[in-house]
Amino acid sequence: MNRRKFLRGSGVSALGVAAVAQSQIVSAQSRSSSMSGKQTPPASKGNTAPAPSPKTTPNKTRGKSGRRKVLTDNAPRPAGPYSQAIISGGTIYVAGQTPTDPKTGKIEAVTFEDQAIQVFENIKAILEAAGSSMAKVLRVNVYLADLEDFAKMNEVYRRYFTADFPARTTIGAQLLQKMLIEVDCIAVI
């Protein structure tokens with residue numbers, strides 16, 4: 001069974017699958033960064049002692065979890081139990097941004113191009129509030145309500161990102177309300 005048939009048959013949304021995949025990436029990165037770049041050698045057959053655990057020092061400015069949320073009035077406020085972005089270990093994880101106008105809280109753009117511009121402006125505002133920029137984006141996920149808008153999305157995308165472009169995935173997805181595009185990304189500070 002291919003992935004598309006599974007998604008349709010199970011009622012699982014593409015955004016849900018992407019969120020699970022992203023949380024697995026974050027979890028793997030957290031484990032990797034907590035090891036401070038040192039890898040524990042594999043245990044040999046004669047060595048049954050557990051590997052020493054890495055030492056970590058909590059960052060007092062970031063609280064016990066070592067992460068902090070980003071919240072700016074220049075991007076739409078979260079409409080549910082999520083943050084605009086989370087900073088952890090020098091990396092910014094921006095939640096899926098919609099074409100919602102932060103001033104009105106509504107989707108006012110009708111054309112695909114206008115919606116795409118609003119989405120990228122929202123992302124730009126969040127990144128700047130976090131102390132980063134579009135130039136520091138490493139990974140982008142784009143969700144399109146209609147894959148026929150792929151070429152239009154690329155035109156707008158090139159206005160916000162230049163070579164070397166971030167890694168990117170673009171998929172067709174069933175989006176809420178009258179959204180034509182949603183985008184999330186990962187960047188460094």
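Helices and strands are named here as DSSP runs, numbered from the N terminus. With that in hand, Thr72 can be placed in the loop between β1 and β2. The model you are looking at is a predicted one, so let us walk through it from the sheet outwards.

**The sheet**

Six strands make up an open sheet with mixed pairing, and their order is β1-β2-β3-β6-β4-β5. At its edges lie β1 (67–70) and β5 (167–172), each of which pairs on one side only. From one strand to the next, the twist averages 15 degrees. Strands of a sheet pair through backbone hydrogen bonds, either parallel or antiparallel. Here, β3 (residues 91–97) and β6 (residues 181–188) run antiparallel and are joined by five bridges. If you would like one pair to click on, Ile92 has Ala187 in β6 as its bridge partner.

**The helices on the sheet**

Two helices are worth setting side by side.

| Helix | Residues | Strands involved | Angle |
|---|---|---|---|
| α3 | residues 112–129 | touches β1, β2, β3, β4 and β6 | about 25 degrees with β6 |
| α4 | residues 150–160 | lies across β4, β5 and β6 | about 150 degrees to β5 |

Helix α3 counts 18 residues and spans 26 Å from its first C-alpha to its last, close to the 26 Å expected at 1.5 Å a residue. Its buried residues include Phe112, Val119, Phe120, Ile123 and Leu127, and polar names such as Gln115, Gln118 and Asn122 are also on that list. Among the elements covering these buried residues are β1, β2, β3, β4, β6 and helix α4. After α3 comes Gly131, which has a positive phi near 90 degrees.

**Where the loop meets α3**

Now back to Thr72. Is this loop residue buried or exposed? Thr72 counts as buried because its relative accessibility is 11%, and the cut-off for buried is under 20%. Its side chain reaches the backbone nitrogen of Asn74 at 3.1 Å. Setting aside residues up to four places away in sequence, Thr72 touches Gln84, Ala125, Ile126 and Ala129.

One of those contacts, Ala125, sits in helix α3 and is buried too, with a relative accessible area of 14%. Beyond its neighbours within four places in sequence, Ala125 is in contact with Thr72, Asn74 and Ala75. How far apart in space are Ala125 and Asp73, C-alpha to C-alpha? The distance is 8.8 Å, although 52 residues separate Ala125 and Asp73 in sequence.

Notes:
Residues numbered from 1 in each chain as written. Predicted model: local features only at pLDDT ≥ 70, side-chain atom pairs only at ≥ 80, totals over all residues. Heavy atoms only, no water. Pairing = 2+ DSSP bridges. Helix = DSSP H or I, 4+ residues; strand = E, 2+ residues; numbered from the N terminus. Axes fitted to C-alpha atoms, helices over the stretch in contact; angles between N-to-C directions. Contact = heavy atoms within 4.5 Å. Expected span 1.5 Å × (residues − 1). Buried < 20%, exposed > 50% of the residue type's maximum accessible area, 1.4 Å probe, protein only. Polar contact = N/O pair within 3.5 Å; in protein donor to acceptor, adjacent residues only side chain to side chain.
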